[in-house]
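Ready for a few exercises on a protein model? Have a look at the structure first, then work through the tasks one step at a time.

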Amino acid sequence: MNLKIAILPGDGIGPEIIEQAIKAVKAVVKKYGHTLEYELGLTGATAIDQTGDPYPEKTHRLCMNADAVLFGAIGDPRFDNNPRATVRPEQGLLAMRKKLGLYANIRPVETFQSLIHKSPLRRELVEGANFVCIRELTGGIYFGEKGRKDNGNTAFDTNTYTREEIERILKLAYEFAGKRRKKLTVVDKANVLESSRLWREIAQEMAPRYLDIQTEYMFVDNAAMQIIQWPKNFDVMVTENMFGDILTDEASVITGSLGLLPSASIGIHTSVFEPIHGSYPQAAGKDIANPIATILSAAMMFEYAFNLPEEGRMIREAVAASLAEGFVTEDIATGQAWKTSQVGDWIAHYIAKHE
Ligand code: IPM
Ligand code: MG
């Protein structure tokens with residue numbers, strides 16, 4: 001199969017971690033007799049510096065013409081501390097999500113046996129935790145009307161959701177739950193927010209169509225607590241854009257490091273695969289960042305975009321082996337810590353050498 005991939009390294013550690021994912025992709029392509037065509041595109045602060053636009057039209061065309069997009073990270077401290085900046089790197093990521101119609105962000109939270117000691121939670125709470133958070137990605141407060149009034153002294157962001165947006169994400173979440181342990185938790189703030197009441201209303205309409213699936217409703221503050229207290233109780237969780245952003249960062253610590261969790265964003269046009277962590281600017285260029293979330297995102301790309309589960313499994317096996325052998329970066333190392341590039345080489349080598 002010919003795999004046509006657009007690669008957007010982005011900012012900070014983006015280029016370094018993407019390089020490791022490319023090594024893994026190349027190893028898999030070679031092993032299974034595929035061919036790879038890839039091209040790099042500009043995004044984020046890097047794109048602002050070179051073109052003035054964090055998601056230039058050229059990058060968008062590259063993504064539209066590819067079968068999948070592999071994305072690094074976005075964000076730069078030069079902009080973080082300047083609330084008056086008129087153009088920001090994050091706008092590139094949001095523009096890409098919107099223009100590609102990526103309404104569903106799938107964030108699996110899985111624990112690795114060899115890393116349980118790294119979790120801030122007690123072993124018995126974490127061991128075996130395995131759930132998927134499905135985050136709505138192109139609506140809500142991220143994209144609602146926003147602005148200033150009263151000479152700039154009052155600011156507002158609006159959380160708007162349409163029936164159509166809610167129905168399509170819930171449908172996707174139900175289909176996921178149907179393939180897993182058949183439990184769906186709909187997370188909202190229906191005791192306060194009108195938008196959440198529409199989510200709950202629609203979920204209640206849809207639930208009878210999925211009788212084999214148990215639908216549970218949970219307020220987001222309670223969900224934030226339960227993720228830490230009983231992570232094993234979740235199977236598939238679905239929620240709006242902002243709640244999903246916050247809950248998935250929280251959920252990532254269960255596994256021991258934010259550097260481990262991949263994600264897939266799917267929707268209308270080309271799907272995008274990216275780690276859930278940010279651009280970690282303090283580590284940029286130091287060859288210390290954990291490349292595993294990005295490498296696992298590449299595994300998701302094989303599974304979701306190319307329907308090649310065996311290739312995805314091979315990458316997962318190589319990652320699990322590197323974790324089990326302690327061939328890992330400093331964020332999760334207990335003994336010697338290895339460099340980003342060394343972990344990438346180790347994983348690519350494992351793929352080449354094992355069945
Ligand atoms: C994420 C990130 C982004 C988001 C930022 C960088 C805009 O935190 O993908 O979770 O808030 O969606
Ligand atoms: Mg986030």
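**Exercise 1.** Find what the side chain of asparagine 241 reaches, and describe the surroundings of asparagine 241.

*Solution.* Start with the polar contact: the side chain of asparagine 241 gets to the backbone oxygen of leucine 137 at 3.3 Å. (A polar contact is a pair of N or O atoms within 3.5 Å; within protein, one must be able to donate a hydrogen and the other to accept it, and residues adjacent in sequence count only if both atoms are side-chain atoms.)

Before going on, note that this is a predicted model, where local features need pLDDT of at least 70, side-chain atom pairs count only at pLDDT 80 or more, and totals for chains, interfaces and linings use all residues. Residues are numbered from 1 along each chain as its sequence is written, chains are lettered from A and ligands numbered from 1 in the order in which they are written, and side-chain values use heavy atoms, with hydrogens and water left out.

Next, place the residue: asparagine 241 belongs to helix 10 (residues 241–252). Helices (H or I, at least four residues) and strands (E, at least two) are DSSP runs, numbered from the N terminus. Asparagine 241 has 0% relative accessibility, so it counts as buried; buried means under 20% relative accessible area, exposed over 50%, and partly exposed in between (1.4 Å probe, protein chains only).

Last, list its contacts (heavy atoms within 4.5 Å). Setting aside neighbours within four places in sequence, asparagine 241 touches residues including Arg135, Glu136, Leu137 and Tyr161.

**Exercise 2.** Work out which strands pair with strand 4.

*Solution.* Two strands pair if DSSP finds at least two bridges between them. Strand 5 is one partner: it runs antiparallel to strand 4, with 7 bridges joining them. One of the links is valine 109, whose bridge partner in strand 5 is phenylalanine 131. Then there's strand 11 (residues 262–266), also antiparallel to strand 4, over 3 bridges. Here isoleucine 106 has alanine 264 as its bridge partner.

Now check burial: 6 of the 7 residues of strand 4 (residues 104–110) are buried, so the rest of the structure largely encloses it.

**Exercise 3.** How many aromatic pairs are there, and what are the pairs of phenylalanine 131 and tryptophan 346 like?

*Solution.* Get the rule straight: rings of Phe, Tyr and Trp (its six-membered ring) pair if their centres lie within 6.5 Å; planes under 30 degrees apart count as stacked, over 60 as edge-to-face and the rest as tilted. The count is 8 aromatic pairs.

Take phenylalanine 131 with phenylalanine 234: 5.6 Å centre to centre and 50 degrees between the planes, a tilted pair. Phenylalanine 131 is in strand 5 (residues 130–136) and phenylalanine 234 in the loop between helix 9 (220–229) and strand 10 (236–239), so the pair ties together parts 103 residues apart in sequence. Both phenylalanine 131 and phenylalanine 234 are buried.

Now tryptophan 346 and tyrosine 350: the ring centres are 5.7 Å apart and the planes at 20 degrees, so this pair is stacked. Both sit in helix 13 (residues 340–353), 4 residues apart, about one turn of the helix. Together with Phe327 and Trp338, Trp346 and Tyr350 make one aromatic cluster.

**Exercise 4.** Is glutamine 214 buried or partly exposed?

*Solution.* Glutamine 214 has a relative accessible area of 46%, so it is partly exposed. You'll find glutamine 214 in strand 9 (residues 214–219).
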